[in-house]
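Please walk through this protein from one covalent link outward to the sheet, the core and the backbone details. Keep the sequence and the model in view as you read.

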Amino acid sequence: MTRSLTLLALAATAALVAVPGVAQERDLTVLVPVPQDYQAAKTAWGEPDFRGGWPIDHLNGRTPLQRDPKYGNRAYLTDEEFAQRDAEVQQLAQRYQNEDSQGKMGIGHWAEVASANRRTSWITSPANGRLPAYTPEGQRLSNELHSTWERGRAFDWVTDFDSWDRCITRGLPASMFPFMYNNGMRIFQSPGIVALQMEMVHETRIIPTDGRPGIPSQIGNWLGESRGRWENGNTLVVETANFKPGPSITNIGTTGSPPENDTPVSPQAKMLERFTMVGDGQIIYEFTWTDPVVFEEPWSARLEWKRDDDFGIYEYACHEGNVQVRNFVTASRAERAEAAAGGGTQ
């Protein structure tokens, strides 16, 4: 699964010279503007043709969801900072070969790593590149979310697990960020419909573009209810509402995310996305997440996609046999019983 170090080095070298507008003499606080002059090819029925493979595995190069405060409001790394990140990525990429040479299989055989890039965070707004503060209600809802990533958590029932633990959904916008594996994305289109297949948790987002009205707000969905429209012959704009509370909207598998999968969503959440094709095989993906129940202000992110029609999406088996939730519960109860018995004899 891991790319060779040679290819990784070549990609990193290209990133140093090929990314416009990020040389150190430029303003590193300003993102390169999204080009608007590219006209995508058309489908047989006249809509912009976005069909194909758009995996985001190339983004898994240690760029964090949230910006380290030491970078302030800078959108890009300096040359020196980029060299440091690149060295970290090279070391991570070596894990596969290190394990092979020792006759072992560990995280190096499981976790993929891509070439480094210069972005200081995927979050673009607020200006500090970090999630906004919770409202008091948002903090209360966060405290009520539970998952296997919660430190010191005891497990007694399915409510002690999140929707990702239970192989239901990774939720939005978490599903749109890179992970250490299963980063496949594929777009299908038919007249008036765009379908976005996501490898993780084998989900597919269905996005009508034919102007049909939204469903009643009382009907919630794990990934919300989306409606799309085309702009300028190069941009798919998607508005999503009707979110069902339950998933964490951030996921620990994305570098720099909150560590316990406890970022809540309320039924008032809305997501506005823009998929802009800026060249043959290039899409700039942007979104703004608004949830006044949870956050004090909206927040936005931007990622750059690359076409790769050769990326294969295989079955996402999650946990085979569907026994892991039960195993967590029985193990947790056994540990607590043993601790109680030992405490009673002291």
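**The disulfide and what surrounds it**

C167 and C318 form a disulfide, with 1.6 Å between their sulfur atoms. The model is predicted, and this distance is computed from it. The structure holds one disulfide. A bond of this kind is covalent and joins the sulfur atoms of two cysteines. The angle about the S-S bond is -80°, and the link of C167 and C318 is left-handed.

Where do the two cysteines of the pair lie in the chain? C167 is in the loop between α4 and β3. C318 is in the loop between β10 and α5 (324-344). They are 151 residues apart, so the pair links distant parts of the chain. The two ends also differ in their surroundings: C167 is buried, with a relative accessible area of 17%, while C318 counts as partly exposed at 28% relative accessibility. The cut-off for buried is under 20%, so C167 falls on the buried side at 17%.

Now step back to the whole chain. The protein has five helices and 10 strands. Its C-alpha atoms fill a box of roughly 75 × 55 × 40 Å along the principal axes. Is the radius of gyration what a compact globule would have, and what is its value? The protein has 21 Å. A compact globule of 346 residues would have a radius near 20 Å, so the value agrees. Of the 346 residues, 49% count as buried. Contacts also reach along the chain. Take those between residues at least 6 apart in sequence: 66% of them join residues at least 24 apart.

Next, the sheet. Six strands form an open sheet, and the pairing is antiparallel. The order is β2-β10-β9-β8-β7-β6. Strands of a sheet pair through backbone hydrogen bonds. Which strands stand at the edges? They are β2 and β6 (225-231). Each has a single partner strand, so one side of each is left without a neighbour in the sheet. From one strand to the next, the twist averages 25°.

Look inside the sheet at β9 and β10. They pair in the antiparallel sense over eight bridges. One place to find the pairing is E286, whose bridge partner in β10 is R302.

Another antiparallel pair is β4 with β5, joined by six bridges. Here A195 has I206 in β5 as its bridge partner. β4 and β5 form a hairpin with four residues between them. In the turn, V201 has a positive phi of about 65°. H202 is in the loop between β4 and β5 (203-208). H202 also has a positive phi, about 40°, although it is not a glycine. Is H202 buried or exposed? At 51% relative accessibility, H202 counts as exposed.

Set N261 beside it. N261 is in the loop between β7 and β8. Its phi is near 50°, again a positive value in a residue other than glycine. N261, however, is buried, with a relative accessible area of 2%.

The strands lead on to the core. In soluble globular proteins, nonpolar side chains tend to be buried together. The largest nonpolar core here has 40 residues. Which of its members touch the most others? They are M176, F275, W289, W299 and W305. Several strands feed this core: β3 (185-190), β4 (193-198), β7 (235-241), β8 (270-279), β9 (282-290) and β10 (299-306) each supply at least two residues.

W305 is a good residue to click on. Leave aside its neighbours within four places in sequence. W305 is then in contact with residues including W54, I56, H58, M176, I187, L196, F275 and Y285. Another core lies apart from the largest one. This other core has seven residues, among them Y71, V89, A93 and A116.

Finally, check two prolines. A cis peptide bond joins S125 and P126, with omega about 5°. P126 sits in the loop between β2 (123-125) and α4 (136-144). The peptide bond from L172 to P173 is cis as well, with omega near 0°. P173 is in the loop between α4 and β3. C167 of the disulfide is in the loop between α4 and β3 too.

Technical notes: Residues are numbered from 1 along each chain as its sequence is written. This is a predicted model: local features need pLDDT of at least 70, side-chain atom pairs count only at pLDDT 80 or more; totals for chains, interfaces and linings use all residues. Side-chain values use heavy atoms; hydrogens and water are left out. A nonpolar core is a set of buried Ala, Val, Leu, Ile, Met, Phe, Trp, Tyr and Cys residues joined through side-chain atoms within 4.5 Å. Buried means under 20% relative accessible area, exposed over 50%, partly exposed in between (1.4 Å probe, protein chains only). Contact means heavy atoms within 4.5 Å. A disulfide is a pair of cysteine sulfur atoms within 2.5 Å. Two strands pair if DSSP finds at least two bridges between them. Axes are lines fitted to C-alpha atoms, for helices over the stretch in contact, and angles run from 0 to 180 degrees between N-to-C directions. The radius of gyration is taken over C-alpha atoms; the globule rule is 2.2 Å times the number of residues to the power 0.38.
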